[in-house]
Amino acid sequence: MSLLVVGLSHRSAPVSVLERASLAVEAQTKLLQDTLAAEPATEAAVLATCNRIELYADVDKFHAGVAELSTLLAQHSGVGLDELTPYLYVHYEDRAVHHLFSVACGLDSMVVGEGQILGQIKDALALGQELHTAGRLLNDLFQQALRVGKRAHSETGIDRAGQSLVTFGLEQLADGADVAEWAAGKHALVIGAGSMSSLAAATLARAGVEEIVVANRTRARADRLVEILGQAGVPTARAVEMGGVGDELTRADVVVSCTGATGLVLTAEAVAAALGVDFDTAAQAPETPAALSDELDQHAAWVENGSATAAAQDRAVRRVPARPASTGPARLHLLDLAMPRDIDGAAHRVAGVRLVDIESLAEASADAPMAADVDQVRTIVADEVAAFGAAQRAAHITPTVVALRTMAADVVAGEIARLDGRLPDLDEKQRAEISQTVRRVVDKLLHAPTVRVKQLASEPGGAGYADALRELFDLDPQTVAAVSRADLNDPNRGRS
């Protein structure tokens with residue numbers, strides 16, 4: 001096993017970089033195909049969420065693998081390699097396994113303990129299987145990560161250490177009030193009909209909102225989500241075209257947006273218009289000199305590097321910390337869970353608007369208390385990493401052991417055939433007894449060394465025992481490879 005992961009997340013990179021580096025499904029597909037075409041990689045999988053992009057690969061060279069995977073991430077994310085490199089992290093072999101298992105358990109999430117990451121890991125594996133870029137190692141790894149994540153949630157109280165990103169976002173919008181009391185009677189607009197938006201709609205429904213309106217680029221998906229909400233008992237749920245968002249915005253109390261759009265879905269001007277105020281006037285709220293200086297410095301750096309489009313630069317300049325512009329009660333609550341962002345960050349300058357986005361959630365969750373259950377999950381992760389490593393090392397020698405036993409069986413068959421030629425008068429019972437005796441002798445001679453070599457191979461540094469076995473018994477490498485291919489092509493392997 002030479003597992004390598006290169007990636008960036010909310011822990012290593014600012015939201016502005018994550019936002020620009022986000023990968024659509026089409027980009028993920030091309031990234032996987034190009035990674036597999038690269039010389040150091042034989043398998044590849046990509047885990048891309050709203051706050052992380054990670055490329056996993058089975059490589060034969062560490063340094064060449066890091067260089068190649070970093071370059072590919074830069075090429076397909078659209079962020080220059082020089083700019084991206086400071087934010088990248090690298091994990092190798094057991095550390096890479098430990099990282100993915102921690103991610104699966106929610107330990108590396110923006111909101112510790114959230115369970116949505118399991119669905120995203122499952123999607124990453126499904127894409128790798130569909131494109132045939134996930135082979136033996138990554139199939140085993142991602143399947144085990146899913147099992148470890150489920151074990152952590154079932155055996156510990158990690159769910160109590162944090163909530164889903166949606167729930168946490170709604171708590172931030174409620175600003176200390178009980179979410180159910182805050183949501184009661186409100187009219188909600190959900191933009192998007194993907195997994196995150198569906199989760200947001202379901203969460204709002206449980207919180208007790210009076211009405212949910214779903215807007216999506218594909219009307220059929222919006223209709224389907226409305227149907228599901230109706231079955232769940234939502235009093236009023238309806239779907240609208242994306243062109244109807246402006247009208248719905250005037251009636252909404254809460255807006256949750258999470259689409260795959262590359263541009264803004266809601267501008268600050270549209271938000272202001274929905275509230276009946278002029279944005280130019282609403283945006284006159286004074287900024288601190290430090291905040292203004294930070295924005296200008298960021299804008300200048302981006303212009304100098306030439307690494308952002310004019311639209312992206314404009315959005316970066318207008319982005320300000322996500323908090324209400326006034327001390328009065330909010331009339332419109334905006335929750336932006338998209339990456340890149342759907343809602344103009346400048347919308348918080350509009351009087352009566354409270355905006356919470358990925359960046360403000362990251363800031364808020366940094367101070368969240370950690371439950372004691374986190375320590376239990378870390379113990380589970382450590383144990384599972386050790387078990388996975390041992391299983392992989394043991395599996396590495398299995399084809400060699402099978403090839404050895406196949407060779408022994410061939411030797412026995414050859415000798416029995418030769419005996420038949422020399423003693424043709426043996427009856428069937430005598431021939432069967434001799435054959436069984438010879439096979440028992442061979443099995444007994446091979447039993448102890450093959451059991452022992454599997455035990456040794458499962459220990460750290462045990463990979464060399466397979467090479468030693470092949471050398472000692474002069475096994476044909478092609479025979480060993482054939483066993484490996486047969487195992488890999490098993491249709492039941494790596495599927496749940």
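Visitor: How many salt bridges are there?
Guide: In this predicted model, the count comes to 21 salt bridges.

Visitor: Which residue does E211 pair with, and how far apart are the closest N and O atoms?
Guide: E211 forms a salt bridge with R238, and their closest N and O atoms are 2.9 Å apart. The pair links distant parts of the chain, since E211 belongs to strand 6 (residues 211-215) and R238 to strand 7 (residues 236-240), with their positions 27 residues apart in the numbering.

Visitor: Is E211 buried or exposed? And what about R238?
Guide: E211 is buried, with a relative accessible area of 12%, whereas R238, at 28% relative accessibility, counts as partly exposed. E211 counts as buried because its 12% falls under the 20% limit used for that class.

Visitor: Switching to the helices, which residue meets D443 in a salt bridge?
Guide: The side chain of D443 meets that of R405, at 3.8 Å from N to O. D443 lies in helix 19 (residues 428-457) and R405 in helix 18 (residues 373-422), so this salt bridge ties together parts that are 38 residues apart in sequence. D443 is partly exposed, with a relative accessible area of 43%, and R405 is also partly exposed, at 31%.

Visitor: And which residue does D420 meet?
Guide: D420 and R431 meet through their side chains in a salt bridge of 2.8 Å, N to O. Here D420 is the residue in helix 18 and R431 the one in helix 19, so the pair ties together parts that are 11 residues apart in sequence. D420 counts as partly exposed, at 26% relative accessibility.

Visitor: Which residues are joined into one network by salt bridges that share partners?
Guide: That network consists of R11, R52, E54 and D108.

Visitor: OK, new topic: in what order do the strands of the open sheet run?
Guide: The open sheet is formed by four strands in the order 2-3-1-4, with antiparallel pairing. Strand 2 (41-49) and strand 4 (89-92) stand at the edges with a single partner strand each, so one side of each is left without a neighbour in the sheet. Neighbouring strands are turned by 15° against each other on average, direction ignored.

Visitor: How many bridges join strand 1 to strand 4?
Guide: Four bridges join strand 4 to strand 1 (residues 3-9), and the two run antiparallel; among the partners, V5 is matched with H91 in strand 4.

Visitor: Which helices pack on the sheet?
Guide: Helix 2 (residues 25-37) packs on the sheet, touching strand 2 and strand 3 (52-59), and its direction makes about 160° with that of strand 2. Helix 3 (residues 62-77) also packs on the sheet, touching strand 1, strand 3 and strand 4, with its direction at about 35° to that of strand 1.

Notes
Residues numbered from 1 in each chain as written. Predicted model: local features only at pLDDT ≥ 70, side-chain atom pairs only at ≥ 80, totals over all residues. Heavy atoms only, no water. Pairing = 2+ DSSP bridges. Axes fitted to C-alpha atoms, helices over the stretch in contact; angles between N-to-C directions. Contact = heavy atoms within 4.5 Å. Salt bridge = Lys/Arg side-chain N within 4 Å of Asp/Glu carboxyl O. Buried < 20%, exposed > 50% of the residue type's maximum accessible area, 1.4 Å probe, protein only.
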